[in-house]
Amino acid sequence: MKTLEVKTSSATYPVFIGDGIKRNIVDLITSTGHSYTKLLIVTDAAVDAIYGDEMVRLLQEKWPVNKVVVPSGEQSKSFAEFEHIHTKAIQFQLDRSSCIIALGGGVIGDLAGFTAATYMRGIDFIQVPTTLLAHDSAVGGKTGINHPLGKNLIGAFHQPKAVIYDTSMLETLSQIERRSGFAEVIKHALISSEDFLSELMSIRSLSDLSKSELAHMLYQGIQVKASIVQEDEKEQGVRAFLNLGHTLGHAIEAEYGYGVITHGDAIAIGMQFALYVSEKQLGLSLNRLELKEWMQELGFPVQVTPDISTKTFVDRMIGDKKARGGSVQFVLLKQIGDVTLQSFTKDELHYWLEEWKREEGCL
């Protein structure tokens with residue numbers, strides 16, 4: 001088992017990564033030093049079918065446990081499911097010494113975490129990720145739900161008390177889900193080091209990754225995020241660097257329809273655009289074509305669909321929570337590991353998106 005510590009201005013907590021460590025979940029939770037009266041597991045239908053009963057059985061060895069199951073997919077990050085979980089928490093009589101267990105991927109982590117942040121003005125929660133994508137979302141304390149007009153616009157910063165990442169639970173992921181999570185690993189490499197990126201680009205098939213290789217890759221990605229979150233917990237500065245590819249990516253998710261395209265695939269397209277602008281504006285010397293071909297080989301989409309107008313995407317980006325005064329703070333690379341923020345107006349975004357789409361042949 002690998003362990004690392006996340007330190008922020010408001011909290012310090014462990015991340016446990018290992019094969020089969022869910023069997024030791026009672027000991028791992030107890031090792032944090034926190035004492036709980038009750039636990040409420042929040043999960044989705046797909047994860048519940050595989051791990052729900054086992055997790056209840058394991059946790060019931062020490063605590064009273066209840067479980068609430070929401071539909072699978074991004075659509076569950078909604079006001080309706082948020083209220084539903086609160087109702088279950090009240091009915092189960094969770095108190096301020098209770099804890100919510102987020103068993104699932106990024107959607108469950110965000111939804112359960114936001115419930116924990118707001119129930120009785122804030123109770124503890126623990127992340128138990130079951131997807132590759134959640135290696136990014138489970139660390140850092142961002143929680144929230146979506147609004148029909150934008151992704152993650154309603155939420156709170158609420159750090160977990162621990163992250164328990166059992167890599168054996170990744171074995172049930174589809175190739176699409178594996179790829180979605182791997183996009184965030186690529187992002188972490190781009191904003192941190194050429195060595196990390198080169199290591200990733202030696203991977204030719206995500207299905208061939210061994211458990212030890214997967215654990216190592218996750219550890220590196222989480223280390224990158226943890227170091228940034230430690231410096232800037234509430235995204236007042238360098239934490240925004242973690243949004244590489246996310247400005248256009250979130251616009252793609254919202255416009256295509258949540259669940260129609262995975263988060264990772266949308267971010268992959270967003271990173272292609274960000275790297276194009278970085279090359280043209282800042283002289284980034286990355287071999288963008290080589291990276292694009294490698295990502296295509298892994299199955300990623302690398303361009304937007306031509307039937308959605310540039311204006312539509314730009315309007316979505318201007319409405320993103322990262323927009324300031326009608327301009328968008330865009331994450332760009334001077335070089336791999338050398339990240340900067342640059343503001344673009346609506347007209348500038350339109351120009352660069354048109355130029356990129358023209359080069360990619362998707363106008």
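**Notes on the predicted model: charge pairs, cores and rings**

1. Let me start with a charge pair: the side chains of D136 and K187 form a salt bridge, with N and O 3.1 Å apart. Do keep in mind throughout that this is a predicted model. D136 belongs to helix α5 (residues 134-137) and K187 to helix α6 (residues 175-190), so the bridge ties together parts that are 51 residues apart in sequence. Both partners are worth a look for their surroundings: D136 is buried, at 9% relative accessible area, and K187 is buried as well, at 1%. The bridge also belongs to a network, in which salt bridges with shared partners join D136, E184, K187 and K225.

2. Next comes K77, which forms a salt bridge with D110, the closest N and O atoms being 2.7 Å apart. K77 sits in the loop between β4 (65-70) and α3 (79-91), while D110 is part of helix α4 (residues 106-118), so this pair ties together parts that are 33 residues apart in sequence. Are these two residues buried or exposed? K77 has a relative accessibility of 3% and counts as buried. D110 is buried too, with a relative accessible area of 10%.

3. Across the model the count comes to 21 salt bridges. One of them joins the side chains of D19 and K211, with 3.4 Å from N to O. D19 lies in the loop between β2 (12-18) and α1 (25-31) and K211 in helix α8 (residues 211-231), so the bridge ties together parts that are 192 residues apart in sequence. Here both ends are partly exposed: D19 has a relative accessibility of 42%, and K211 has 41%.

4. D19 turns up again around D166, a residue of strand β9 (residues 163-166). Leaving aside neighbours within four places in sequence, D166 is in contact with G18, D19, G20, I21 and K22. At 0% relative accessibility, D166 counts as buried. Which polar partners does the side chain of D166 have? The D166 side chain reaches the backbone nitrogen of I21 at 3.2 Å, and it makes a polar contact with the side chain of S168 at 2.7 Å.

5. On to the nonpolar interior. The largest nonpolar core has 79 residues, and those with the most contacts inside it are F182, L190, L200 and L248. Apart from this core lies another, of 25 residues, including F16, V65, I126 and M169. If you centre your viewer on L248, you can pick out G270, F273, V304, F313, M317, L353 and W356 as residues it touches, not counting those up to four places away in sequence.

6. Two of those contacts of L248, F313 and M317, lead us to helix α12 (residues 310-318), whose buried residues are T310, F313, V314 and M317. Why do these four count as lying on the same side of α12? They cover an arc of only 100° around the axis, which puts them on the same side of the helix. The general background is familiar: an α-helix has 3.6 residues a turn, so residues three or four places apart point the same way.

7. Aromatic rings are the next topic, and a search of the whole structure finds seven aromatic pairs. F82 and F114 form a stacked one, at 4.7 Å centre to centre with 15° between the planes. This pair links helix α3, which holds F82, to helix α4, which holds F114, the two residues being 32 apart. F82 counts as buried at 16% relative accessibility, and F114 is buried at 8%. F273 and F330, by contrast, meet edge-to-face, at 5.5 Å centre to centre with 85° between the planes. F273 is in helix α10 (residues 263-282) and F330 in strand β11 (residues 327-335), 57 residues apart. Both are buried, F273 at 1% relative accessibility and F330 at 4%. Ring pairs link F273, F330, F344 and W356 into a cluster.

8. Finally, two backbone angles to check. Q93 has a positive phi, near 60°, in a residue other than glycine. Q93 is found in the loop between α3 and β5 (99-104) and is exposed, at 58% relative accessible area. R121 likewise has a positive phi, near 65°, in a residue other than glycine. R121 has its place in the loop between α4 and β6 (124-129), and at 78% relative accessibility it counts as exposed.

Notes:
Residues are numbered from 1 along each chain as its sequence is written. This is a predicted model: local features need pLDDT of at least 70, side-chain atom pairs count only at pLDDT 80 or more; totals for chains, interfaces and linings use all residues. Side-chain values use heavy atoms; hydrogens and water are left out. A salt bridge is a side-chain nitrogen of Lys or Arg within 4 Å of a carboxyl oxygen of Asp or Glu. Buried means under 20% relative accessible area, exposed over 50%, partly exposed in between (1.4 Å probe, protein chains only). A nonpolar core is a set of buried Ala, Val, Leu, Ile, Met, Phe, Trp, Tyr and Cys residues joined through side-chain atoms within 4.5 Å. Contact means heavy atoms within 4.5 Å. A polar contact is a pair of N or O atoms within 3.5 Å; within protein, one must be able to donate a hydrogen and the other to accept it, and residues adjacent in sequence count only if both atoms are side-chain atoms. The arc is that of the directions from the helix axis to the C-beta atoms. Rings of Phe, Tyr and Trp (its six-membered ring) pair if their centres lie within 6.5 Å; planes under 30 degrees apart count as stacked, over 60 as edge-to-face and the rest as tilted.
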